[in-house]
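Please open the structure in your viewer and keep the sequence panel visible beside it. The stops below are meant to be selected in turn.

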Amino acid sequence: MSLSPLIWVLHGPNLNRLGQREPEIYGSATLDQINQKVSQRGQVLGVQTDFFQTNHEGAMIEKIHQAPAAGVRFIVINPAAFTHTSVAIRDALASVSIPFVEVHLSNVHRREPFRHQSYFSDLAEAVICGLGPAGYVSALEFAAERIAITRG
Ligand code: DQA
């Protein structure tokens, strides 16, 4: 029996405040509720999901460095504010060569100009923004399908 493929879902700074944080922009769902939905979808799709949130750039980098040894096949990441600032997290993702989808709850292109710039989008397999929590589920579905295709 082979283990189901592992997908990591990584959340950047302030996403632990979802549910209380600017609900008019980010909605009312908490991070736990979002993770639970993604996990349930993963069970249906036959993939294993693991979740991580940090408010620290270095912690995110070190987590990403652990992905190859953990056997991670795909990463779903909402880098949050680090999207617009972090060459270091970009470089971490490039260094592990694991395909990833960049997710944002809000439509960043409809917001302040500084949110239109991403250090991740040109490396990402796909970018999803503005779908709210459903964006994470869509990213997981995409990842599961990609994994199935590359398994042949
Ligand atoms: C965000 C958008 C970012 O600009 C912001 O800094 C966040 C959340 C989103 O999910 O919409 O923290 O990534």
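The tour that follows goes from a pocket to its surroundings, then on to a strand residue, an aromatic pair and two backbone angles.

Before selecting anything, bear in mind that this is a predicted model.

**The pocket**

Begin with the largest pocket, which has a volume of about 160 Å³. Of the 14 residues that line this pocket, select Y26, A80, A81, R111 and R115, which are the closest to its centre. If you then colour the whole lining by residue class, it divides into 6 nonpolar, 5 polar and 3 charged residues.

**R111**

Keep R111 from that selection and follow the chain on either side of it, where you will find the loop between β4 (100-104) and β5 (126-129). Is R111 buried or exposed? R111 has a relative accessible area of 18%, and because the limit for a buried residue is under 20%, R111 counts as buried. Displaying its surroundings, and setting aside residues up to four places away in sequence, you should see R111 touching I25, Y26, S106 and H116. Y26 therefore deserves to stay on screen, since it is among the residues that R111 touches and also among those closest to the centre of the largest pocket, and the relative accessible area of 18% places R111 itself in the buried class.

**R21**

From Y26, move to R21, which lies in the loop between β1 (6-11) and α1 (23-26). The side chains of R21 and Y26 are joined by a polar contact of 3.5 Å, which can be shown as a dashed line between the two. Beyond the residues up to four places away in sequence, R21 touches P13, N14, L15 and Y26. With a relative accessibility of 18%, R21 counts as buried. For a sense of scale, draw a distance from the C-alpha of R21 to that of G58: the two residues are 37 apart in sequence and 23 Å apart in space.

**H84**

Next select H84, in the loop between β3 and α4 (87-96). What does the side chain of H84 reach at 2.8 Å? The partner is the backbone oxygen of Q117, so show backbone atoms here as well as side chains. Leaving aside neighbours within four places in sequence, H84 is in contact with F114, R115, Q117 and Y119, and R115 is one of the residues closest to the centre of the largest pocket. H84 counts as buried, at 14% relative accessibility.

**Q53**

Now turn to strand β2 (residues 48-53) and select Q53. Its side chain reaches the backbone oxygen of G12 at 3.0 Å, and the side chain of Q53 also makes a polar contact with the side chain of N55 at 2.9 Å. Apart from neighbours within four places in sequence, Q53 is in contact with H11, G12, P13, N14, L15, N16 and L31; among these, P13, N14 and L15 are also touched by R21. Q53 is partly exposed, with a relative accessible area of 23%. A C-alpha distance drawn from Q53 to I77, 24 residues away along the chain, should read 9.9 Å.

**The aromatic pair**

How many aromatic pairs does a search of the whole structure find? The search finds 1. Select F74 and F142, whose rings are edge-to-face, 6.1 Å from centre to centre and with 85° between the planes. The pair links distant parts of the chain, with F74 in strand β3 (residues 72-78) and F142 in helix α5 (residues 134-151), 68 residues apart. The two partners fall into separate accessibility classes: F74 is buried, with a relative accessible area of 2%, whereas F142 counts as partly exposed at 27%.

**Two backbone angles**

Finish with the backbone, selecting E22 in the loop between β1 and α1. Its phi is near 35°, a positive value in a residue other than glycine, and E22 is partly exposed, with a relative accessible area of 35%. The last selection is S97, in the loop between α4 and β4, where phi is near 55°, again a positive value in a residue other than glycine. S97 counts as exposed, at 63% relative accessibility.

Definitions and conventions
Residues numbered from 1 in each chain as written. Predicted model: local features only at pLDDT ≥ 70, side-chain atom pairs only at ≥ 80, totals over all residues. Heavy atoms only, no water. Helix = DSSP H or I, 4+ residues; strand = E, 2+ residues; numbered from the N terminus. Buried < 20%, exposed > 50% of the residue type's maximum accessible area, 1.4 Å probe, protein only. Contact = heavy atoms within 4.5 Å. 1 Å grid on protein atoms, 1.4 Å probe; cavity = no way out; pocket = protein on both sides within 12 Å on 5 of 7 lines; lining within 4 Å. Points joined across faces, edges and corners; volume = space filled by probe spheres on them. Nonpolar A, V, L, I, M, F, W, Y, C, P; charged D, E, K, R; others polar. Polar contact = N/O pair within 3.5 Å; in protein donor to acceptor, adjacent residues only side chain to side chain. Phe/Tyr/Trp six-rings, centres within 6.5 Å; stacked < 30°, edge-to-face > 60°.
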